[in-house]
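The following exercises are to be worked through with the sequence and the coordinates at hand. Each task is followed by a solution in steps.

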Amino acid sequence: MLRDNDPDKWTYQEHTRVKHALLEKYLRAWIPILGKRNPTIAYFDGFAGRGEYTDGSPGSPVLALQLADKLADSFGRIVLRFVEQNEDNFANLQSVIEQELAVLKHRQKVDVQMTHGDFDRTIDGLLGFLEEHKASSVPSFFFIDPFGFTGIPLETIGRILQAERTEVFLTLMSRDINRFLGLPELDRTFCSLFGSGGWKPLIKRRDREQALVELYRAQLHEQAHASFSVHFKVCSQDRCGTLYHMLHANNSFKGHHIMKSIMFNQGVDGTFAYLGRDDLAERTQTKLFDTHDTEVLRNELLARFGGQTLGFESIMEKMCYPWYEEQPFIERHYREVIKQLEKDDLVSLERVSSKRTGLKGRDRVTFKEADG
Ligand SMILES: C[S@@+](CC[C@H](N)C(=O)[O-])C[C@H]1O[C@@H](n2cnc3c(N)ncnc32)[C@H](O)[C@@H]1O
């Protein structure tokens with residue numbers, strides 16, 4: 001097994017680029033939205049890694065720091081905490097971050113601390129920081145990106161999500177979890193990861209990998225009390241088999257909605273996946289998702305909301321409950337379907353947030369009474 005500082009682990013690969021694209025796109029939205037409304041926001045990178053990859057590409061902490069500097073007009077203060085266990089990786093992280101800090105344009109707005117240690121052992125300190133600042137409530141984004149699947153007990157994820165205004169973006173190493181499931185020496189590790197022995201009955205399942213991801217997601221909701229979650233499959237570039245799943249879990253519809261759109265748009269339509277070698281080929285196929293599947297959305301909207309008047313955004317939020325019935329649709333699907341329903345005289349619209357023809361935010365949608 002390669003050590004965590006082995007250069008082979010630090011070549012910048014396509015799957016890392018995809019992971020960083022999701023992270024960066026989300027932070028690009030998250031930082032200004034929360035930064036404008038709160039005196040302090042926080043980014044925690046629990047498995048921070050090196051400052052840079054072997055080709056010089058920035059690691060996630062540097063990416064977050066550079067982005068914060070670019071977006072500094074949109075917030076008062078950002079706290080960045082990076083935790084890294086491997087000594088060599090930590091030394092590299094420290095040196096790259098120090099170089100970055102020296103050239104930052106908005107140094108006074110950025111509060112960086114790096115800890116050489118184990119994520120789960122430092123969590124008390126990170127959560128303690130949030131507790132101390134409870135009065136002003138610091139919206140906090142936790143990136144938890146291990147190489148493996150040890151050291152991230154579900155209990156810890158639950159503690160994070162129970163703190164006020166937190167969210168978690170996590171790498172679930174589904175390929176390796178699937179591969180090693182059932183090894184007696186890993187029994188406790190899996191119980192800690194999933195927060196129960198619920199994985200044991202899955203050992204014999206043919207669709208084991210998918211079942212494990214679904215179980216993890218269920219645990220995020222049932223045990224860690226997340227209100228929303230969405231996941232994205234990342235395959236390896238050369239073999240196109242699954243490597244890991246990126247999961248986002250939180251308690252705010254707005255954040256969920258943004259991450260879901262980002263994940264939808266990052267993957268081939270409707271797959272919520274980066275398909276490795278096959279990704280490009282899939283992209284050039286006819287896009288079947290939109291034309292076929294929005295019929296499901298149309299029927300569901302009519303069945304659920306017949307006779308009711310609701311805000312456009314509130315419709316999308318209600319459609320996320322219960323979490324296990326949430327469909328893969330994003331805002332543009334809702335907009336298209338509801339506008340079509342208007343043409344078909346099945347809904348009427350009162351535009352509050354948008355102009356003459358748009359549909360967004362607090363626009364009111366009245367559904368005709370369902371027949372029968
Ligand atoms: C996948 S890499 C992180 C990559 C980084 N987040 C990025 O996107 O550029 C995982 C890192 O976690 C570190 N690590 C392993 N176990 C850890 C633990 N228990 N606590 C904190 N860091 C750990 C490894 O040394 C490695 O640098």
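Two strands are said to pair if DSSP finds at least two bridges between them. The model to which this criterion is applied is a predicted one.

**Exercise 1. Determine how strands β6 and β8 are paired, and place them in their sheet.**

Step 1. Strand β6 covers residues 228-235, and 2 bridges link it to β8 in the parallel sense. The criterion of at least two bridges is therefore met.

Step 2. For the register, take Lys 233, which stands opposite Ala 273 in β8.

Step 3. Helix α9, residues 253-266, packs on the sheet and touches β5 (166-172), β6, β7 (242-250) and β8. The direction of α9 makes about 20° with that of β6.

Step 4. The sheet itself is open and consists of 8 strands in the order β3-β2-β1-β4-β5-β7-β6-β8, with mixed pairing. Its edge strands are β3 (110-116) and β8 (273-274), each of which pairs on one side only.

Step 5. At the β3 end of this order, helix α3 (residues 87-102) lies across β2 (77-84) and β3. The angle between α3 and β3 is about 165°.

**Exercise 2. Describe the sheet that contains β11, and state which residues of β11 lie on its covered face.**

Step 1. Strand β9 (residues 309-311) and β11 run antiparallel and are joined by 3 bridges. Here Leu 310 has Val 365 of β11 as its bridge partner.

Step 2. Strand β10 (residues 347-350) is also antiparallel to β11, with 4 bridges between them. In this pair, Ser 348 is opposite Thr 366 of β11.

Step 3. The outcome is an open, antiparallel sheet of 3 strands in the order β9-β11-β10. β9 and β10 are the edge strands, pairing on one side only. Direction ignored, neighbouring strands of the sheet are turned by 25° against each other on average.

Step 4. Strand β11 spans residues 364-367; Val 365 and Phe 367 form the covered face, while Arg 364 and Thr 366 form the uncovered one.

Step 5. Helix α13 lies across β10 and β11, and runs at about 110° to β10.

**Exercise 3. Is Ile 160 buried or exposed? Identify its contacts as well.**

Step 1. Ile 160 belongs to helix α5, which comprises residues 154-162.

Step 2. Ile 160 has 23 C-beta neighbours inside 10 Å and therefore counts as buried. The cut-off for this class is 20 or more other C-beta atoms.

Step 3. With neighbours within four places in sequence left aside, the contacts of Ile 160 are Phe 142, Thr 166 and Val 168.

Step 4. For a distance along the chain, consider Thr 242, which is 82 residues from Ile 160 in sequence; their C-alpha atoms are separated by 27 Å.

**Exercise 4. Examine the backbone at Arg 165, Asp 345 and Pro 322.**

Step 1. Arg 165, in the loop between α5 and β5, is a residue other than glycine with a positive phi, near 55°. Arg 165 counts as partly exposed because 18 C-beta neighbours lie inside 10 Å.

Step 2. Asp 345 is likewise not a glycine and has a positive phi of about 60°. Asp 345 lies in the loop between α13 and β10, and is exposed because 8 other C-beta atoms are within 10 Å.

Step 3. Pro 322 is in the loop between α12 (312-318) and α13 (331-343). The peptide bond from Tyr 321 to Pro 322 is cis, and its omega is near -15°.

**Exercise 5. How many residues surround the ligand, and how do they divide by character?**

Step 1. The ligand is surrounded by 17 residues, the closest being Asp 4, Phe 47, Gly 49, Ser 60 and Asn 86.

Step 2. This shell divides into 6 nonpolar, 7 polar and 4 charged residues.

**Exercise 6. Assess the overall dimensions of the chain.**

Step 1. The C-alpha trace spans about 65 × 55 × 40 Å along its principal axes.

Step 2. The radius of gyration is 22 Å, which agrees with a compact globule, because a globule of 372 residues would have a value near 21 Å.

Step 3. The secondary structure comes to 13 helices and 11 strands, and 34% of the 372 residues count as buried.

Step 4. Among contacts with a separation of 6 or more, 70% are between residues 24 or more positions apart.

Conventions
Residues are numbered from 1 along each chain as its sequence is written. This is a predicted model: local features need pLDDT of at least 70, side-chain atom pairs count only at pLDDT 80 or more; totals for chains, interfaces and linings use all residues. A residue is near a molecule or strand if its C-beta atom, placed from the backbone, lies within 6 Å of it. Ala, Val, Leu, Ile, Met, Phe, Trp, Tyr, Cys and Pro count as nonpolar, Asp, Glu, Lys and Arg as charged, and the others, Gly among them, as polar. Helices (H or I, at least four residues) and strands (E, at least two) are DSSP runs, numbered from the N terminus. Two residues are in contact if their C-beta atoms, placed from the backbone, lie within 7 Å. Axes are lines fitted to C-alpha atoms, for helices over the stretch in contact, and angles run from 0 to 180 degrees between N-to-C directions. The radius of gyration is taken over C-alpha atoms; the globule rule is 2.2 Å times the number of residues to the power 0.38. A residue is buried if 20 or more other C-beta atoms lie within 10 Å of its own, exposed if 12 or fewer, and partly exposed in between; C-beta atoms are placed from the backbone.
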